[in-house]
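Reader: I would like a close look at one part of this model, the pairing of its strands. Please go through it step by step, and then place it in its surroundings.

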Amino acid sequence: MGKKKTSDSSEQHFTGRVIRVDSRMCQVDADGQIHKCRMRGLLFRDEKEFSRPVAVGDQVVVERLKTPPHVVVEVKERKTYLARRKAGGRSRQIIAANIDQAVMVLAVANPQLNPRLLDRMLVAAEHGGFEPLIVLNKVDLLVELSDLDPIANLYRDLGYRVLLTSTISGHGIDDLIAAVIDRISVFSGMSGVGKSALLTRIQPNLSLTSKQVSNATGKGRHTTTHASLIPLEIGGYVVDTPGIREFGLIDLEPWEVGRQFVEFRPYLSTCKFRTCTHDHEIGCAVKQAVDDDKIDAYRFDSYLRILETVRSESDL
Ligand SMILES: Nc1nc2c(ncn2[C@@H]2O[C@H](COP(=O)(O)OP(=O)(O)O)[C@@H](O)[C@H]2O)c(=O)[nH]1
Ligand SMILES: [Mg+2]
Ligand SMILES: [Zn+2]
């Protein structure tokens, strides 16, 4: 990378991954070397949709200057992005780009397993285009591992990967490590489920900055949006986000919610209305499939709850 032979060192370019962004500077990881870079002014020109031209997770081309800082001159096309609306505006702020997978951590106990929250996270991941990985942690607290079969099998039958882990016994940790190598992963889940403990198992010295709440507004509501990527020694990155709230249901219309339920998809084209929300419409193939036990009733109930939330948010 960037080995173009040239007598003029200012001509040299290299590619890397943006791991941190401040207002005018960013940090780029190129093969384990971290470079503080400026962003070429031209990059700011055509930005209307997004409030910043360079995002954490972007793959970029950097021009190497004789005297650093080097300059980001090109941003490669984003595969995915996690965004949120800027307060009071239409433009969106990218929290992180090119996330490969959403690792959804739940505890089997302490706190109690909450499949409703899991379904909500799955909808957000499907909508954002991140591959979900479900991690059921603290299995050491179970008497029988097979107690988890009903829930693990429900989601496995839907095609999702489900790992059972314990940071105490070490169960499933190798599988988790294999799943994060060379990928950009965002960990989400309620406080107390064991995210930090799992990350420490992946890499002992890895520390996420804990939630930072800025009181600049005086109301304590404004959580910082500055995410960063933490490089893993085994290869890959973990996204350090200020919190699970970011992993929201942004820009989802009520009729789109059903499309994020993988098991609804085969039926959608058979619903009488293209924008069917599967709750009150006639000729709904999804409701029929629920009645025929082809779609799990619990998942359908989750669907109706999420639909309600999305409806009330779009009414705002
Ligand atoms: N029994 C058990 N406790 C765990 C496990 N993983 C984490 N914990 C405990 O759960 C609590 C919360 O863990 P933490 O990693 O801080 O959760 P986070 O809020 O998701 O980052 C801590 O007291 C951990 O020691 C596990 O696999 N089994
Ligand atoms: Mg934590
Ligand atoms: Zn329908």
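Author: Two strands count as paired here if DSSP finds at least two bridges between them. By that rule strand β1 (residues 13-21) and strand β2 (residues 25-30) are a pair, because 4 bridges join them. The two strands run antiparallel, and one residue match to look for is Val-18, whose bridge partner in β2 is Val-28. The model is a predicted one, so the pairings below are those of the predicted coordinates.

The β1-β2 pair belongs to a barrel. Five strands close into it in the order β1-β2-β3-β5-β4, with mixed pairing. From one strand to the next the twist averages 55°. Between β4 (59-63) and β5 (70-75) runs a loop that holds Pro-69. The peptide bond from Pro-68 to Pro-69 is cis, with omega near 5°. As background, most peptide bonds are trans.

The other sheet is open and takes up the rest of this answer. Its 6 strands have the order β10-β9-β8-β11-β13-β12, and the pairing is again mixed. β10 (161-164) and β12 (228-231) stand at the edges with a single partner strand each, so one side of each has no neighbour in the sheet. The twist in this open sheet averages 30° from one strand to the next. Strands of a sheet pair through backbone hydrogen bonds, either parallel or antiparallel.

Which strands flank β11 in the order of the open sheet? They are β8 and β13. Strand β8 (residues 101-107) pairs with β11 in the parallel sense over 4 bridges. On the other side, β11 and strand β13 (residues 237-240) are also parallel, over 3 bridges. Val-186 can be followed across both pairings: Ala-102 stands opposite Val-186, and Val-239 in β13 is the bridge partner of Val-186. Beyond β13 the direction changes, since β12 and β13 run antiparallel, joined by 4 bridges. In that pair Pro-231 stands opposite Tyr-237 of β13.

Are the residues of β11 buried or exposed? Strand β11 (residues 184-188) is mostly covered, and 5 of its 5 residues are buried. The burial holds for both faces. On one side are Ile-184, Val-186 and Ser-188, and on the other are Ser-185 and Phe-187.

Two loops that leave strands also carry backbone features. Pro-111 lies in the loop between β8 and α1 (115-128), and the peptide bond joining Asn-110 and Pro-111 is cis, with omega about 0°. Lys-138 is placed in the loop between β9 (131-137) and α2 (149-157). Its phi is near 70°, a positive value in a residue other than glycine. Most residues other than glycine have a negative phi. Lys-138 counts as buried because 25 other C-beta atoms lie within 10 Å, and the cut-off is 20 or more.

Lys-138 also leads to ligand 1. Among the 15 residues that surround the ligand, the closest are Lys-138, Gly-194, Lys-195, Ser-196 and Ala-197. The shell divides into 4 nonpolar, 8 polar and 3 charged residues, and α4 gives the most to it, with 3 residues. Ser-196 is in helix α4 (residues 195-202). Ser-196 is partly exposed because it has 17 other C-beta atoms within 10 Å, which falls between the limits of 12 and 20. The C-alpha atoms of Ser-196 and Leu-206, 10 residues apart along the chain, are separated by 8.9 Å.

For the wider setting, the protein has 7 helices and 13 strands. Of its 316 residues, 32% count as buried. Among contacts between residues at least 6 apart in sequence, 61% join residues at least 24 apart.

Last comes confidence. The average pLDDT of the protein is 86, and 82% of the residues score at least 70. Over residues 210-223 the pLDDT is below 50, and this stretch has 14 contacts beyond near neighbours in sequence. Where pLDDT is low, the predicted coordinates should not be read in detail.

Terms used
Residues are numbered from 1 along each chain as its sequence is written. Chains are lettered from A and ligands numbered from 1 in the order in which they are written. This is a predicted model: local features need pLDDT of at least 70, side-chain atom pairs count only at pLDDT 80 or more; totals for chains, interfaces and linings use all residues. Axes are lines fitted to C-alpha atoms, for helices over the stretch in contact, and angles run from 0 to 180 degrees between N-to-C directions. Two residues are in contact if their C-beta atoms, placed from the backbone, lie within 7 Å. A residue is near a molecule or strand if its C-beta atom, placed from the backbone, lies within 6 Å of it. Ala, Val, Leu, Ile, Met, Phe, Trp, Tyr, Cys and Pro count as nonpolar, Asp, Glu, Lys and Arg as charged, and the others, Gly among them, as polar. pLDDT is the predictor's confidence in each residue, from 0 to 100.
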